[in-house]
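This report covers local backbone features, one helix and the annotated membrane spans of a single chain.

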Amino acid sequence: PATGRNVQVVFGGGNTSTTVTGTTADYARIRNVTINSGRFLSPKDVDTYARVAVLGPTVVENVFGDPNAPVIGKIIKLNNVPFQVIGVTVSQGSSGFMNNDDMIYVPITTAQDLLIGNKYVRQIFVEASSASMMQAAQDEVTAALERAHHLVSGQPDDFSVMNQADILATMQGVTQTMTMLLGGIAGISLLVGGIGIMNIMLVSVTERTREIGIRKAIGAKGRDIMMQFLIEAVVLSILGGGIGILLGWAGSHLVGKALKMTATISPGSILLAFGFSAAIGIVFGVFPARKAAGMDPIEALRYE
């Protein structure tokens, strides 16, 4: 079982706001929490309402200023209640929007009595013996909770039970929705950018009408004029794409630091962005290039 809330952590001049999780000794095994130094909670800590705490490495860094600081035995205050640090966990990283390293674990009895003020739990984590037994375990847990909540047959459950497959499916659904949303925004941005490139090239063609006429008069063919303006459109598009990639790289790192998440940009995404930039330049540069290639040299030379 586990229950939690946000608390203010204070040690000397250092303080931070983080999440405290009240739980039992089995939590570390079921949730794959590994101890870097010290120890995790014990059954005795839970039974005796011990004021002990296990810190995540992010909490150690925020409060003590150094993620490798010797903190075992130190007394910290959680919402002005003193707790002794007995362990520090190994970094687990983030899952979704939750940073597993920015976490404090205390005995569930102590949390309910001193920090939360209630006697119920928010979550119960259960480990199945194997992946093939996951659904059977979920059915057993559901039946046990229905009995504990005195629910009769046909009455809707007042709780929810989710397994890892359900959580994965939910995350995939959210990811797909975000991908479609961002894809739509990117598509609109590419369309607007392409129209902008086309307008710029049309203005360039108009301003360089006499130049086009002179080139044609001395032997340049239509395909030469068309290739010239297509190359200019592609270069303009790639330059804009390069600036966008730099801004995206900088923005992702700034957002990552703000959310305390690691931002990773794959080389494939950069190549894809350059490819789209070149394609936009070609697609939206065709019309201005064709217009330039189709000019009559005599009319172009007479243009003022």
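UniProt positions are given here in the numbering used for this chain, and such annotations may be inferred rather than shown by experiment. The model is predicted.

**Annotated spans.** An unreviewed UniProt entry carries the annotation "transmembrane region" for residues 180-205, 225-250 and 270-289. In the model, residues 225-250 are 100% helix and 0% strand, with the end C-alpha atoms 38 Å apart. Residues 270-289 are likewise 100% helix and 0% strand, and their end C-alpha atoms lie 27 Å apart.

**Helix H3.** Helix H3 spans residues 57-64 and is mostly covered, with six of its eight residues buried. The buried set consists of Pro 57, Thr 58, Val 59, Val 60, Val 63 and Phe 64. Gly 65, which comes just after H3, has a positive phi of about 85°.

**Positive phi outside glycine.** Most residues other than glycine have a negative phi. Asn 32 and Asn 79 depart from this, and the table gives their values.

| Residue | Phi | Loop between |
|---|---|---|
| Asn 32 | near 55° | helix H1 (27-30) and strand S3 (35-38) |
| Asn 79 | near 50° | strand S5 (75-78) and strand S6 (81-89) |

How do the two asparagines stand in terms of accessibility, exposed or partly exposed? Asn 32 has 58% relative accessibility and therefore counts as exposed, the cut-off for that class being over 50%. Asn 79, at 30% relative accessibility, counts as partly exposed, because this class lies between the buried limit of under 20% and the exposed limit of over 50%.

Methods
Residues are numbered from 1 along each chain as its sequence is written. This is a predicted model: local features need pLDDT of at least 70, side-chain atom pairs count only at pLDDT 80 or more; totals for chains, interfaces and linings use all residues. Side-chain values use heavy atoms; hydrogens and water are left out. Buried means under 20% relative accessible area, exposed over 50%, partly exposed in between (1.4 Å probe, protein chains only). Helices (H or I, at least four residues) and strands (E, at least two) are DSSP runs, numbered from the N terminus.
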